[in-house]
Amino acid sequence: MGALLTTASMLMCPHGGTVTAISSNTQATAGGSPLVRASDTFIIAGCPFTTPPAVPSPCMTVQWMQTDMQSKAAGDFTLSMNSMGLCLAATQAPQGTVLINNTQQKVTGQ
């Protein structure tokens with residue numbers, strides 16, 4: 001069981017960009033913030049990644065590959081410290097996995 005992610009969780013792309021979760025969930029919360037689900041929007045800002053020869057290719061969004069399989073919020077599977085998401089460039093090219101640095105510790109999911 002992993003601690004559930006919320007809109008206040010600290011997520012980053014593998015290059016140091018900040019991931020912001022935008023959730024339509026207004027009902028289920030933990031630690032005072034809405035729980036996030038795989039169907040929510042995850043935007044990445046500040047990714048400095050470039051490909052040779054110095055072509056900007058920053059991470060832009062997150063696509064979740066592994067969610068909680070038994071925990072749901074607002075009709076969709078939740079995300080937790082055990083979830084796995086891929087950071088994608090604007091071209092949809094995978095750039096690496098999202099880093100989950102911090103989240104609330106009171107509510108867990110599976």
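1. Start with Pro53, which you'll find in the loop that runs between strand E7 (50-51) and strand E8 (55-56). The peptide bond joining Pro52 and Pro53 is cis, with omega at about -5°. Keep in mind while checking the geometry that this is a predicted model.

2. Two backbone spots deserve a look in a phi plot. Ala74 has a positive phi of about 50°, although this residue is not a glycine. Its loop is the one between strand E10 (72-73) and strand E11 (76-77), and Ala74 counts as partly exposed, at 45% relative accessibility. Gln92 is also no glycine, yet has a positive phi of about 75°. Gln92 belongs to the loop between strand E12 (84-89) and strand E13 (94-97).

3. Next door to Ala74 in the sequence is Ala73, part of strand E10. Is Ala73 buried or exposed? Ala73 is buried, its relative accessible area being 3%. Leaving out residues up to four places away in sequence, Ala73 touches Asn25, Ala28, Leu35, Arg37 and Thr78. There's also a long-range neighbour to check: the C-alpha atoms of Ala73 and Thr26 are 9.5 Å apart, with the two positions 47 residues apart along the chain.

4. While you're in this part of the chain, have a look at Lys72 and Phe77. The charged end of Lys72 sits over the Phe77 ring, 4.8 Å from the ring centre.

5. Now the sheet. Strand E3 (residues 18-22) pairs with E6 in the antiparallel sense, over five bridges. For the register, use Thr18, which stands opposite Ala45 in E6. Strand E6 (residues 41-45) has two faces: Phe42 and Ile44 make up the covered one, while Thr41, Ile43 and Ala45 are on the uncovered one.

6. Both covered residues of E6 turn up again in the packing. The largest nonpolar core has 16 residues, and those with the most contacts inside it are Leu11, Phe42, Ile44, Val62 and Trp64. E3, E6 and strand E9 (59-66) supply at least two core residues each. Which strand gives the largest share? That's E9, with three residues.

7. Phe42 is worth following up on its own. Not counting residues up to four places away in sequence, Phe42 touches Leu11, Val19, Thr20, Ala21, Val36, Arg37, Met60, Thr61, Val62, Trp64 and Leu79.

8. How many aromatic pairs does a search of the whole structure find? One. The rings in question are those of Phe42 and Trp64, whose centres are 5.4 Å apart and whose planes are at 65°, so the pair is edge-to-face. The pair links distant parts of the chain, with Phe42 in strand E6 and Trp64 in strand E9, 22 residues apart. Phe42 is buried, and Trp64 is buried as well.

9. Last, the cysteines. The disulfide count comes to zero. Cys13 is in no disulfide, and the nearest cysteine sulfur belongs to Cys47, 3.7 Å away. Why is there no bond from Cys47 to Cys13? Because the 3.7 Å from the Cys47 sulfur to the one in Cys13 is too far for a bond; the cut-off is within 2.5 Å. Cys13 is buried, with a relative accessible area of 0%, and Cys47 counts as buried too, at 12% relative accessibility.

Notes:
Residues numbered from 1 in each chain as written. Predicted model: local features only at pLDDT ≥ 70, side-chain atom pairs only at ≥ 80, totals over all residues. Heavy atoms only, no water. Buried < 20%, exposed > 50% of the residue type's maximum accessible area, 1.4 Å probe, protein only. Helix = DSSP H or I, 4+ residues; strand = E, 2+ residues; numbered from the N terminus. Pairing = 2+ DSSP bridges. Core = buried A, V, L, I, M, F, W, Y, C linked by side-chain atoms within 4.5 Å. Contact = heavy atoms within 4.5 Å. Phe/Tyr/Trp six-rings, centres within 6.5 Å; stacked < 30°, edge-to-face > 60°. Lys NZ or Arg CZ within 6 Å of the ring centre and 35° of its normal.
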